[in-house]
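Student: Hey, I've got this protein open and I don't know where to begin. Can we go through it together?
Tutor: Sure, let's look at it first and then start with a small piece.

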Amino acid sequence: MKLLILTASRFVLACLIAVSLAPALSVDAAETGTAIDVFGKTMTVPAAFKEAPKQNRMIAHEFAASDGDDATARVTMMAAGGGVKANLDRWKGQFSGDAKEIGEVENFDVAGFEVHLIEVSGNYAETMGGGPFSGGKKVMRENYGMMGAIIVDPRGPSYFVKMIGPSSVIEANESEFKTMIKSLSE
């Protein structure tokens, strides 16, 4: 009986410690971000990017990035096919206008993947109702930007990570986006 009371006391003490640490543990987890599986590797999405509802079934994960005001950008992630050049050209072609700017494609390797990163800005032709190949109505969004990364898996499809929204949001989150892509690890 004495052993049972001692064991019960230790259990209660352990529960009290766990409960008192729970808020601290959840704060730490929130500060580190969300772990996403990319072809068996882990990529950490910044805690500042908030999970958002996926706007279509093709998207594996969707987040919202902010510039600290009311403006937000969509951060989408999905596996997809097609060549790197064809997709980069398509992304560039979604932007137009006198203020259109296309950054140099940054190529690097991370966690055994070849990565192609690009930044584009200008007037963005957003396809409403299903994606770029749906033939849906296009809405022009002025002063928009995009950071896009194509993560090439040598065994098959690629993984697309894009942040699209007002230029102010893209600029405010450029560093976090690049850090996220470079966070890929075993």
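Tutor: Let's begin with a turn: β1 and β2 make a hairpin, with 2 residues between them. Keep in mind that this is a predicted model.
Student: Okay, which residue in that turn has a positive phi?
Tutor: That's Phe39, with a phi of about 50 degrees.
Student: And how many bridges join β1 to β2?
Tutor: There are 5 bridges between strand β1 (residues 34-38) and strand β2 (residues 41-45). The two strands run antiparallel.
Student: Can you give me one pair to look for?
Tutor: Try Val38, whose bridge partner in β2 is Lys41.

Student: Let me zoom out. How many helices and strands does the chain have?
Tutor: You'll find 3 helices and 10 strands. Going along the sequence, the pattern reads α-β-β-β-β-β-α-β-β-β-β-β-α.
Student: How much of the chain is buried?
Tutor: Buried residues are 35% of the 186 in the protein chain.
Student: And what about contacts between parts that sit far apart in sequence?
Tutor: Take the contacts with a separation of 6 or more: 54% of them are between residues 24 or more positions apart.

Student: New topic: how many salt bridges does the structure hold?
Tutor: It holds 8. One of them is between Arg74 and Glu62, where the closest N and O atoms are 2.7 Å apart.
Student: Where do those two sit?
Tutor: Arg74 is in strand β5 (residues 72-80) and Glu62 is in strand β4 (residues 61-66), so the salt bridge ties together parts 12 residues apart in sequence.
Student: Is Glu62 buried or exposed?
Tutor: Glu62 is buried, because its relative accessible area is 3% and the cut-off for buried is under 20%. Arg74 is partly exposed, at 27%.

Student: What does Glu126 form a salt bridge with?
Tutor: Glu126 pairs with Arg141, and their closest N and O atoms are 2.7 Å apart. Glu126 belongs to strand β8 and Arg141 to strand β9, so this pair ties together parts 15 residues apart in sequence.
Student: How accessible are they?
Tutor: Glu126 has 17% relative accessibility, so it counts as buried. Arg141 comes out at 27%, which makes it partly exposed.

Student: Any salt bridge that links distant parts of the chain?
Tutor: Look at Lys178 and Glu106, whose side chains meet in a salt bridge at 3.9 Å, N to O. Lys178 is in helix α3 and Glu106 is in strand β7 (residues 106-110), so you're looking at distant parts of the chain, 72 residues apart.
Student: Are those two buried or exposed?
Tutor: Something in between: Lys178 is partly exposed with a relative accessible area of 24%, and Glu106 is partly exposed at 29%.
Student: Which residues are linked with them in a network?
Tutor: Glu174 and Lys182 join Glu106 and Lys178 in a network of salt bridges.

Student: Can we talk pockets? What's the volume of the second largest pocket?
Tutor: The second largest pocket has a volume of about 190 Å³.
Student: Which residues should I click on?
Tutor: 13 residues line this pocket, and the closest to its centre are Glu101, Val120, Ser121, Ser167 and Glu171.
Student: Which elements give two or more residues to the lining?
Tutor: Those are β6 (95-102), β8 (113-127), β9 (138-152) and α3 (167-182). β8 gives the most to the lining, with 4 residues.
Student: And what classes of residue are in the lining?
Tutor: The lining has 4 nonpolar, 6 polar and 3 charged residues.

Student: Back to phi for a sec. Where else is there a positive value in a residue that isn't glycine?
Tutor: Ala111 is one of them, with a phi of about 55 degrees. You'll find Ala111 in the loop between β7 and β8, and it counts as partly exposed at 21% relative accessibility.
Student: What's the phi of Asn143?
Tutor: Asn143 has a positive phi too, near 55 degrees, and it isn't a glycine either. Asn143 is placed in strand β9.
Student: Is Asn143 buried or exposed?
Tutor: Asn143 counts as exposed, with 55% relative accessibility.
Student: Cool, I'll go and click through those.

How values were computed. Residues are numbered from 1 along each chain as its sequence is written. This is a predicted model: local features need pLDDT of at least 70, side-chain atom pairs count only at pLDDT 80 or more; totals for chains, interfaces and linings use all residues. Side-chain values use heavy atoms; hydrogens and water are left out. On a 1 Å grid over the protein atoms alone, a cavity is a set of points where a 1.4 Å probe fits but cannot get out, and a pocket is an open set with protein on both sides within 12 Å along at least five of seven lines; lining residues have an atom within 4 Å of a point. Grid points are joined across faces, edges and corners, and a volume is the space filled by probe spheres set on the points. Ala, Val, Leu, Ile, Met, Phe, Trp, Tyr, Cys and Pro count as nonpolar, Asp, Glu, Lys and Arg as charged, and the others, Gly among them, as polar. A salt bridge is a side-chain nitrogen of Lys or Arg within 4 Å of a carboxyl oxygen of Asp or Glu. Buried means under 20% relative accessible area, exposed over 50%, partly exposed in between (1.4 Å probe, protein chains only). Two strands pair if DSSP finds at least two bridges between them. Contact means heavy atoms within 4.5 Å.
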